[in-house]
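Thanks for coming, everyone. Please bring the model up on your screens, and we will walk through it together.

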Amino acid sequence: MSDALRELYQEIILDHARHPRNAGVLADPTAKADGHNPLCGDRVTLYLHRDTDGRIDGISFEGKGCAISQASTSLMTELVKGKTKEEIDALMTGFLHLVKGEPESELSEEDREQLEVMAGVKDFPMRVKCATLPWHTLKSALSGAGVASTEAAP
Ligand code: ZN
């Protein structure tokens, strides 16, 4: 990754952290989950609404914690709208590979461009959990578990 690209990604992360997209409480959620990353103290509560086809047609979050966790949550809420559980599973698998610096082939060009913003955390193992917290929380919300912790995740 070039220095210029790294700087651009840092700016995007800070922008999401300062001006989170889809922040707040959803009026009529069909699912909700609380996520916790005890190693950093990050917390995220996700509210989802799925349409009759199972696609996410509404999502919002409340959270507090480091810029990485909040930016990653904000970014995720923008990406998963209109998607089914299966599509989100594939996105999450691709994202986990990306932030762990592992090869991935699950992501479309468009999704990779969006998610690559967070790829810099691969050099900071503690930060990987900050970045993946919202995804584990989303998975819990979709499966009806209701709670997620980065320390219980595989
Ligand atoms: Zn964090």
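How many bridges join β1 to β2, and do they run parallel or antiparallel? Seven bridges join them, and the two strands run antiparallel. Before more of that, some ground rules. This is a predicted model, where local features need pLDDT of at least 70 and side-chain atom pairs count only at pLDDT 80 or more, while totals for chains, interfaces and linings use all residues. Residues are numbered from 1 along each chain as its sequence is written, and side-chain values use heavy atoms, with hydrogens and water left out.

Two terms next. Helices (H or I, at least four residues) and strands (E, at least two) are DSSP runs, numbered from the N terminus. Two strands pair if DSSP finds at least two bridges between them. In general, strands of a sheet pair through backbone hydrogen bonds, either parallel or antiparallel.

Now the sheet. It is open, has four strands, and its order is β3-β2-β1-β4, with mixed pairing. At the edges sit β3 (56–64) and β4 (147–149), each pairing on one side only. On average, neighbouring strands are turned by 20 degrees against each other, direction ignored. For angles like this, axes are lines fitted to C-alpha atoms, for helices over the stretch in contact, and angles run from 0 to 180 degrees between N-to-C directions.

Let's walk across it. Strand β2 (residues 42–50) pairs with β3 in the antiparallel sense over eight bridges. Find V44: its bridge partner in β3 is G63. V44 is also the bridge partner in β2 of G35. On to β4: β1 pairs with it in the parallel sense, over three bridges. There, H36 has S149 as its bridge partner in β4.

Look at the two faces of β1. A31, A33, G35 and N37 make up the covered face. K32, D34 and H36 make up the uncovered one. Between β1 and β2 is a hairpin with four residues between the strands, and G41 in that hairpin takes a positive phi near 90 degrees.

Close to that spot in the sequence comes the metal site.

What are the protein donors of the zinc ion? They are C40 (SG), D42 (OD), D42 (OD), C66 (SG) and C130 (SG), lying 2.1 to 2.7 Å from the zinc. A donor here is an N, O or S atom within 2.8 Å of the metal (3.2 Å for Na, K and Ca); water is not among the atoms, so sites may look incomplete. Along the chain, the donors follow the spacing C-x1-D-x23-C-x63-C. C40 and C130 link distant parts of the chain, 90 residues apart: C40 is in the loop between β1 (31–37) and β2, and C130 is in helix α5.

Are those two cysteines buried or exposed? C40 counts as partly exposed, at 33% relative accessibility. C130 is buried, with a relative accessible area of 1%. The cut-offs: buried means under 20% relative accessible area, exposed over 50%, and partly exposed in between (1.4 Å probe, protein chains only).

Now the helices. Helix α2 (residues 67–80) packs on the sheet and touches β2 and β3. Its direction makes about 175 degrees with that of β3. α2 also packs against α5, at an angle of about 40 degrees, with their axes 8 Å apart. Contact means heavy atoms within 4.5 Å. From α2, the residues that meet α5 include I68, M76 and V80. On the α5 side, C130 is one of the residues met, so keep in mind that it is also a zinc donor. Next, helix α3 (residues 85–99). It packs with α5 at an angle of about 165 degrees, with their axes 11 Å apart. That makes α3 roughly antiparallel to α5, because angles under 35 degrees count as roughly parallel, over 145 as roughly antiparallel, 65 to 115 as roughly perpendicular and the rest as oblique. Among the α3 residues in this contact are I88, L91 and F95, and among those of α5 are V128, W135 and L142.

One last residue: S140. S140 lies in helix α5 (residues 125–143). S140 is buried, with a relative accessible area of 10%. Leaving aside neighbours within four places in sequence, S140 is in contact with A33, A145, G146, V147 and A148.
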